Amino acid sequence: MTILCVRFQLPPTREADLPRLIGMLEEFTPVVQALPPDGALADLRGAERYFGRDALQLASVIRVRSLALYGVDCVIGAGPGPMLARVALRDAVPGVTCAVPEERDAIAEFLADKPVAALPGVGAATARTLGGYGLDTLGLVAAAPLSTLQRLIGAKAGRELREKANGVDRGRVVPNAVSRSLATERPFGRDELDPDRHRRALLSAAEEIGARLRALEKVCRTLTLTVRYADLPHSRTGSSGGTPIATTRSRKLNEPTAHSPDLTRAAYGMYEALGLQRARVRAITLRAEGLDPADQASHQLTFDPVDEKVRRIEEVADRARAKFGPRAVMPGGLGGQAA
């Protein structure tokens, strides 16, 4: 087995530490694929030869280094391919790497009793459809006629699902390091009820994300908001269900951007859509995902001179921050605030 799937046990307050942990994995192999918000895939084929250790031994070293350098434990699944490593991760516990054997019969035995939803990419709707016909484990799916699966979920999806249920792993680790996402968090010193302070935290986070994207000459296609609540009975979101620990929402932007006002509007929109009613908020995290080079992105030109003026001011502000520090220029809404 040469692929590791690592999930770092990051508390919500440290979600922004993922890039540093990805960097630690890259000390073992350059073939690392980030799986935000807290995981990664690592292909250790070259590392096994270089370090003279197998994947399980390297997994132990990775765990010790993560704890020693960052104080973060992790759970690790290992397998001959990325799909199988991700399935193995479901059974992993801290301190013990769960490994899928490489022999074909052993792989089939490992998968047989797993629920269909254990496969990456199989959603709740597909699992319900198959379960309605008694196909609720991977062993049953593997033994089902291909024509039956294709009739239930479609030709391509049925073929791919049957292959995966039989242990055929055609995936590969696609290096994306940390360039595919950037995150920043705004924790509150106390459980915060004030929506205005929530919005100021969002404004601050969007400004930071925008500045970091522009410094890297990147744009993002998707923005993700995570709101973490106090673990108290009255920390509700207005729904009649239980008390969530955190709520996450993602929004695909109209066009890839690093423009802070656009990011701020998207963040405000997601926040307003949550409909929070006196929710006690502990922290707000904003993540930019789907990053691409800025010079390859298109921007819809407008006849609005204000937009062009704002973008020019943004360029001047970036130069000032680069020279005098990140707090040299701030939006008026953050004046006098520590957010």
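## A hairpin to start with

Strand 2 and strand 3 (residues 39–43) pair up antiparallel, with four bridges between them. Here, strands are DSSP runs of E with at least two residues, helices are runs of H or I with at least four, and both are numbered from the N terminus. Two strands count as a pair if DSSP finds at least two bridges between them. Strand 2 and strand 3 also make a hairpin, with three residues sitting between the two strands.

You're looking at a predicted model, so here are the ground rules: local features need pLDDT of at least 70, side-chain atom pairs count only at pLDDT 80 or more, and totals for chains, interfaces and linings use all residues. Residues are numbered from 1 along each chain as its sequence is written, and side-chain values use heavy atoms, with hydrogens and water left out.

## Who faces whom in the hairpin

Want to trace the pairing yourself? Start at L35, whose bridge partner in strand 3 is G39. Then find Q33, which has L41 of strand 3 as its bridge partner.

In a regular strand, side chains alternate between the two faces of the sheet. You can follow that in strand 2 (residues 32–35): V32 and A34 point one way, Q33 and L35 point the other way, and all are buried. Buried means under 20% relative accessible area, exposed means over 50%, and partly exposed lies in between (1.4 Å probe, protein chains only). In strand 3, G39, L41 and D43 point one way while A40 and A42 point the other, and again all are buried. With five of its five residues buried, strand 3 is therefore largely enclosed by the rest of the structure.

## The whole sheet

Zoom out and the hairpin turns out to be part of an open sheet of five strands, in the order 2-3-1-4-5 and with mixed pairing. Strand 2 and strand 5 (98–99) stand at the edges with a single partner strand each, so one side of each has no neighbour in the sheet.

Strand 1 (residues 3–8) has strand 4 as an antiparallel partner, with six bridges between them. One place to look is C5, which stands opposite G77 in strand 4. Helix 1 packs on this sheet and touches strand 1, strand 2 and strand 3, and its direction makes about 150° with that of strand 1. Strand 1 also runs antiparallel to strand 3, joined by five bridges. There, I3 stands opposite D43 of strand 3.

I3 comes up again with G79, a residue of strand 4 (residues 74–79). These two are 76 residues apart along the chain, yet their C-alpha atoms are separated by 5.4 Å. G79 counts as buried because its relative accessibility is 0%.

## Helix 1 against helix 3

Helix 1 (residues 18–25) packs against helix 3 (residues 55–70) at an angle of about 135°, and their axes are 11 Å apart. The axes are lines fitted to C-alpha atoms, for helices over the stretch in contact, and angles run from 0 to 180 degrees between N-to-C directions. Helix 1 and helix 3 are therefore oblique to each other (under 35 degrees is roughly parallel, over 145 roughly antiparallel, 65 to 115 roughly perpendicular, and the rest oblique). Their crossing is right-handed, which means the near helix is turned clockwise from the far one by less than a right angle; anticlockwise would be left-handed.

Which residues of helix 1 and helix 3 meet? R20, L21, M24 and L25 of helix 1 touch I62, R65, S66 and Y70 of helix 3, where contact means heavy atoms within 4.5 Å. That contact splits into five nonpolar, one polar and two charged residues. (Ala, Val, Leu, Ile, Met, Phe, Trp, Tyr, Cys and Pro count as nonpolar, Asp, Glu, Lys and Arg as charged, and the others, Gly among them, as polar.)

## Two more helix pairs

Helix 8 (residues 146–153) and helix 9 (residues 155–165) pack at about 130° with axes 7 Å apart. That angle makes helix 8 oblique to helix 9, and the crossing is right-handed. L146, L149, Q150 and I153 of helix 8 meet A155, A157, G158, R159, L161 and R162 of helix 9. By class, that gives six nonpolar, two polar and two charged residues.

Further along, helix 10 (residues 195–215) packs against helix 11 (residues 260–274) at about 145°, with axes 8 Å apart. The crossing of helix 10 and helix 11 is right-handed. Its contact residues include H198, L202 and A206 of helix 10, plus L263, A267 and Y271 of helix 11. The full contact divides into eleven nonpolar, four polar and four charged residues.
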